[in-house]
Amino acid sequence: MTDLVTFGETMLRLSPPRGERLETAREFEVQAGGAESNVAIVANRLGRDAAWLSKLPDSPLGRRVVGELRSHGVDTDGVVWDPDNRQGLYYVEHGAAPRPTNAIYDRANAAVTTLEPDELDLSRVRDAEWCYTSGITPALSETLRETTADVLSTAKEAGVKTAFDINYRGKLWSPEEAGTACRALFEHIDVLFTAQRDAETVLGRDGDAESVARGLADDYDFETVVVTRGASGALALHDGDVYEQGVYEAETVDAIGTGDAFVGGFLAKHLDGGGIDEALQWAAATASFKRTIEGDIAVVNPEDVAGVIDEGGRRISR
């Protein structure tokens with residue numbers, strides 16, 4: 001049995017050297033990056049067996065993605081290979097005040113957008129302990145909306161725990177579209193992750209993090225709701241009890257992928273038998289560590305996370 005199966009898109013990320021603009025760059029650093037594969041990598045690096053399901057072009061670029069994920073120990077045997085479509089890309093131009101960091105996406109007609117349920121080996125989902133995806137996946141195409149629902153319902157029917165991150169991206173769809181699509185998935189989800197701003201923007205949930213979490217849990221019968229609040233830390237509601245976790249200070253080298261590191265750290269510790277308070281603590285520490293690393297991926301190990309926690313940081317549970 002695999003501890004965690006994730007499902008979604010992974011792109012290749014191209015970044016010019018810091019201080020250079022995309023329109024004048026002569027060289028690019030290439031890395032893989034995708035919410036669900038980022039989570040799988042973190043979970044695997046923190047001691048859990050993780051697999052990633054997706055669809056990639058049968059090309060050097062698709063094989064580049066698989067090679068990178070496998071280098072971190074992630075099982076990619078469930079990838080569907082596509083002879084016709086392309087690999088999604090995105091470009092990151094790092095900013096420096098007053099110039100913001102800019103991400104430009106080139107993912108139209110990517111192979112993953114054509115992935116249909118009957119192409120996947122859903123036995124890999126049924127045989128997992130947990131299944132995870134995010135709101136980015138159903139945002140990519142109508143086909144993927146159906147496939148995402150099928151993956152999550154398959155997991156739920158098989159007794160597999162399911163986790164979902166709203167992970168709203170305004171460049172992909174409107175708040176109204178996202179809200180409709182996400183709500184349609186909620187019946188299949190045990191653990192919901194959301195940024196407080198996403199809960200307001202996508203789900204129309206006002207109020208503080210605790211009221212947001214309680215409202216969502218009451219309305220959709222989630223087992224756990226985790227609400228992240230940026231610099232104010234995170235809050236989790238589980239079985240009626242509230243847990244809070246502060247942020248561990250970090251020098252930010254690259255913030256992209258921080259939310260995925262948080263989810264990966266949470267799921268890895270929870271899979272390891274940790275309670276919600278411990279899972280939140282590991283989530284916050286993993287996210288903090290990620291901010292010190294270039295690229296989407298949190299290249300982290302358990303000793304790194306334990307070191308962040310041992311150094312201190314605010315932790316509140318009630």
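In this predicted model, the side chains of Arg-21 and Glu-93 come together in a salt bridge, with a nitrogen-to-oxygen distance of 2.7 Å. The two partners sit in distant parts of the chain, 72 residues apart: Arg-21 belongs to the loop between strand 2 and strand 3 (29-33), while Glu-93 is part of strand 7 (residues 89-93). Their surroundings can be read from their relative accessibility. Arg-21, at 39%, counts as partly exposed, whereas Glu-93, at 4%, is buried because its value is under 20%.

How many salt bridges does a search of the whole structure find? The total is 21, and a simple principle helps in reading them: side chains of opposite charge can pair when their charged atoms come close.

A second pair joins Arg-107 to Glu-9, and here the closest N and O atoms are 2.6 Å apart. Arg-107 lies in the loop between strand 8 (102-106) and helix 3 (123-126), and Glu-9 in the loop between strand 1 (2-7) and strand 2 (11-15), so that this salt bridge links distant parts of the chain, 98 residues apart. Are these two charged residues buried or exposed? Arg-107 is buried, with a relative accessible area of 12%, and Glu-9 is buried too, with a value of 5%.

A third salt bridge is formed by Asp-296 and Arg-13, whose closest N and O atoms are 2.8 Å apart. Asp-296 is found in the loop between helix 10 (276-290) and helix 11 (302-310), and Arg-13 in strand 2, so the pair ties together parts of the chain that are 283 residues apart in sequence. Asp-296 is buried, with a relative accessible area of 7%, and Arg-13 is likewise buried, at 1%. Which residues share a network of salt bridges with this pair? Arg-13 and Asp-296 are linked in such a network with Arg-18, Asp-254 and Glu-294.

Attention now turns to helix 1. This helix covers residues 35-45, and 10 of its 11 residues are buried, so helix 1 is largely enclosed by the rest of the structure. Among the buried residues are Ala-35, Val-39, Ala-40, Ile-41, Val-42 and Ala-43. The buried set also includes Glu-36, Ser-37, Asn-38 and Asn-44. Just after helix 1 comes a detail of the backbone that can be looked up in the model: Gly-47 takes a positive phi of about 105 degrees.

Conventions:
Residues are numbered from 1 along each chain as its sequence is written. This is a predicted model: local features need pLDDT of at least 70, side-chain atom pairs count only at pLDDT 80 or more; totals for chains, interfaces and linings use all residues. Side-chain values use heavy atoms; hydrogens and water are left out. A salt bridge is a side-chain nitrogen of Lys or Arg within 4 Å of a carboxyl oxygen of Asp or Glu. Helices (H or I, at least four residues) and strands (E, at least two) are DSSP runs, numbered from the N terminus. Buried means under 20% relative accessible area, exposed over 50%, partly exposed in between (1.4 Å probe, protein chains only).
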